[in-house]
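Below are my notes on the model you sent, set out as numbered points. Please read them with the structure open beside you.

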Amino acid sequence: MNAEYKKIVAQINQWDHEYYVLDTPSVSDTEYDQAFRKLLTIESEHPELIILDSPSQRVGAKPIDDYVKIEHSSKMLSLANAFNLDETYAFFEKAAKDLSTNVELLELFSEPKLDGLAISIHYKNGLLSYAATRGDGQIGEDVTHTIKTIKSIPIKLVTTNPPEKLDVRGEVFMPTSSFIKLNQQALKDNSKIFVNPRNAAAGSIRQMNPTIAAKRDLQFIPYSIGEYVGELKFTYHAEILNFLHQLGFRKNPHCYAFKGSYENFKNNYEVMEQHREKLPMDIDGIVYKINSLTLQTALGFIARSPKWAVARKFPAQNNVTQLLAVDFQVGRTGVLTPVARLEPVFVGGVTVSNATLHNMDEILRLGLRIGDSIEIQRAGDVIPKVVKVISTGKHRNPIIMPDYCPVCNSPVERTEGQAAFRCTGGLTCSAQGAERIKHYASRKFMNISNLGAKLIELLYSKGTLNTIADIYKIKIADIADLEGQGIKSAQNVLDSIEASKSTKLSTFIAALGIHEVGEEGAKTITKYFTDIDSIAKAAPEDLIKIPDIGPVMAKNVVTFFNNEKNKAIIKEIIAAGVHWNSEQNASAEAHLLTGQTWVLTGTLEHLSRNEAKALLENLGAKVAGSVSKKTNFVVAGKDAGSKLSTAKGLGIEVLDETKFLERFHLVL
């Protein structure tokens with residue numbers, strides 16, 4: 001029975017590969033269904049036989065309660081954008097100059113830029129181990145349960161000699177035809193309509209229940225490798241894509257290698273423009289990469305993107321419609337944003353009825369009035385915007401910023417020298433209050449995982465939550481008595497709140513929602529001020545002395561902590577048990593590594609990667625995700641991969657964990 005079972009598993013996996021990856025089905029649907037039913041019968045009668053790569057296990061996972069965070073083996077970076085031929089050519093001219101060569105001698109590789117969701121899929125010894133979203137580039141969310149449902153992703157690599165480790169980077173997308181069918185069915189069911197295939201793919205992958213994702217025709221195409229531990233060595237990017245295809249992944253159609261002349265760039269773009277409408281999926285541009293991996297390594301990266309690849313975006317798609325009205329939305333920081341209400345119009349693949357107007361200065365620049373005929377522009381999933389007035393209406397009405405907040409009726413003021421108008425209601429404005437609580441509780445900040453946006457809105461509407469301090473006053477009955485909730489779910493919320501009390505000072509400062517003080521700004525401030533009392537007492541001139549803290553941010557911090565209501569709320573929160581350890585001190589040791597770039601690779605025995613990263617950052621170092629000529633030191637743990645080889649090739653000093661710990665006088 002075991003031999004027969006394994007034979008059926010192998011046969012169905014082969015048929016799936018032919019159908020979903022090669023687009024060359026070799027059996028009828030009837031024959032496939034009969035084999036699948038036989039497989040399920042055997043597994044039902046002999047559950048002890050079930051193996052990980054059985055086709056039945058693609059939807060074998062149970063729904064999850066929440067997302068687990070996963071740190072990527074190497075940073076998932078974004079690409080720089082170019083919007084025309086000259087910008088694209090200039091990008092590679094600069095790359096060629098940095099390499100001391102001529103751009104026309106460079107071999108480039110072009111790939112259609114799929115409009116989907118970036119995913120990292122990790123394999124160990126050929127078996128799918130886990131999958132994660134891009135997240136912030138360093139840490140993503142575990143979506144293994146839904147990724148396994150995509151049949152163009154092999155659960156087991158198609159090879160008898162799999163690499164020890166393989167991190168495949170690529171794009172999950174929904175074919176255009178499947179997107180249309182999904183929305184047609186949604187109309188019949190009176191359920192949610194997705195605005196475009198990208199949102200449909202992203203929403204499907206982030207489902208808690210994998211059976212929902214399995215019902216949608218999602219597909220995956222890889223574009224790179226993040227980590228590789230194995231026998232093969234690669235010279236060109238094209239070799240990596242061919243290697244991944246041999247392992248069972250789909251190929252991106254219309255990929256080309258060419259020499260980097262201006263004319264070749266022009267011809268390549270024109271070819272892709274011709275094919276764009278014929279492709280079965282949405283693309284929003286072309287990705288150009290230097291083909292040589294050695295040259296990629298030599299060029300390295302800037303903060304958020306590689307210096308050897310650029311995305312040339314397709315032109316925005318435009319249409320003309322009429323401005324019917326303008327509403328003013330109040331954001332988390334109290335800023336009033338004008339939003340255009342439009343005569344619905346089809347732009348860039350979706351029907352648009354709203355568009356941002358940014359601020360009153362933009363309205364004045366456009367000379368815009370209600371009733372005008374206007375041009376709307378939309379590119380990809382970017383919020384539609386008003387480009388210009390095409391013709392003026394017969395009955396034009398001026399657009400006027402209200403004197404009082406449309407939500408709480410507090411006075412609206414404009415800060416001198418700034419475009420923004422703000423509601424002065426602060427914590428008394430319900431539009432700001434709920435959003436401030438969502439911001440504070442979000443994963444990115446205090447990470448109160450079970451206190452979601454909808455629950456916050458419900459508790460806010462009932463008066464249970466008025467400020468962020470009220471989070472720590474929630475009782476079980478406040479939640480358990482709500483419709484759709486219960487004792488267990490209420491206890492889960494309280495457990496999450498309790499867990500959030502142990503945090504970092506920088507995280508807490510960023511969570512407060514001080515205007516223009518984000519994660520990096522908060523980290524910078526807490527490197528120099530190690531307790532909240534010091535921050536609260538700091539004068540603008542004290543803050544401006546800190547590198548990267550400008551006068552606007554300094555003023556915002558001082559203004560926030562001069563507000564008695566804000567200070568009272570912070571006092572309540574600390575009294576409720578929220579605490580942190582000193583993350584940094586302002587001594588000379590705290591800046592020991594300022595100006596240095598370090599890279600961590602492999603698995604450390606005594607420290608997690610996050611702990612090692614925090615140690616280096618607390619000493620002033622920059623911790624990069626890849627090795628380049630600008631790297632000063634590499635720390636290599638067990639199973640260090642390509643980063644270690646690159647470091648040795650560039651002559652960069654490499655420390656093992658023992659030497660790393662000894663360097664900073666740490667004994668574990």
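In which helix do K266 and E270 both lie, and how many residues apart are they?

1. Both K266 and E270 belong to helix α9 (residues 262-276), where they are 4 residues apart, about one turn of the helix. This is a predicted model, and the remarks on this pair, like those that follow, should be read in that light. The two side chains form a salt bridge in which the closest N and O atoms are 2.9 Å apart. K266 counts as partly exposed, with a relative accessibility of 33%, and E270 is likewise partly exposed, its relative accessible area being 33%.

2. The structure holds 23 salt bridges, and some of them reach across the sequence. One of these joins the side chains of E572 and K473, with an N to O distance of 2.6 Å. Because E572 lies in helix α21 (residues 564-575) whereas K473 lies in the loop between α13 and α14 (476-480), the pair ties together parts that are 99 residues apart in sequence. E572 is partly exposed at a relative accessible area of 34%, and K473 is also partly exposed, with a value of 45%.

3. A further salt bridge is formed by the side chains of E141 and R443, at 3.5 Å from N to O. This pair links distant parts of the chain, since E141 sits in strand β6 (residues 139-141) and R443 in the loop between α12 (430-441) and α13 (453-461), 302 residues apart. The two partners fall into separate accessibility classes: with a relative accessible area of 13%, under the 20% limit, E141 is buried, whereas R443, at 29%, is partly exposed. Elsewhere, K94, D98 and K307 are linked in a network of salt bridges.

4. Turning to the sheets, one is an open sheet of 4 strands in the order β5-β4-β7-β8, and its pairing is antiparallel. The edge strands are β5 (127-133) and β8 (219-229), each of which pairs on one side only. From one strand to the next, the twist averages 25°.

5. Within that sheet, strand β7 (residues 165-173) is joined to β8 by 9 bridges, and the two strands run antiparallel. Two positions serve to fix the register when one inspects the model: K165 stands opposite V229 in β8, and D167 stands opposite E227 in β8. Although β8 is an edge strand, it is mostly covered, with 10 of its 11 residues buried. Helix α8 (residues 237-246) packs on the sheet and touches both β7 and β8, its direction making about 115° with that of β8.

6. The other sheet to examine is an open one of 5 strands, with the order β2-β11-β10-β3-β9 and mixed pairing. At its edges stand β2 (80-82) and β9 (256-259), and because each has a single partner strand, one side of each is left without a neighbour in the sheet. The twist here averages 35° from one strand to the next.

7. In this 5-stranded sheet, strand β3 (residues 107-114) and strand β10 (residues 283-290) run antiparallel and are joined by 6 bridges. A convenient point of reference is E111, whose bridge partner in β10 is V287. Helix α8 packs on this sheet as well, touching β3 and β10, and its direction makes about 45° with that of β3. Helix α8 therefore has contacts with β7 and β8 in one sheet and with β3 and β10 in the other.

8. A last point concerns the nonpolar interior. In soluble globular proteins, nonpolar side chains tend to be buried together. In this model the largest nonpolar core has 52 residues, of which Y440, F508, I509 and F561 touch the most other members. The largest share of this core, 6 residues, is contributed by helix α20 (residues 551-562). Leaving aside residues up to four places away in sequence, F561 touches I509, L512, I514, I532, I535, A536, K567 and I570. Another core, of 33 residues, lies apart from the largest one, and among its members are I147, L157, L166 and Y228.

Notes. Residues numbered from 1 in each chain as written. Predicted model: local features only at pLDDT ≥ 70, side-chain atom pairs only at ≥ 80, totals over all residues. Heavy atoms only, no water. Pairing = 2+ DSSP bridges. Axes fitted to C-alpha atoms, helices over the stretch in contact; angles between N-to-C directions. Contact = heavy atoms within 4.5 Å. Buried < 20%, exposed > 50% of the residue type's maximum accessible area, 1.4 Å probe, protein only. Salt bridge = Lys/Arg side-chain N within 4 Å of Asp/Glu carboxyl O. Core = buried A, V, L, I, M, F, W, Y, C linked by side-chain atoms within 4.5 Å.
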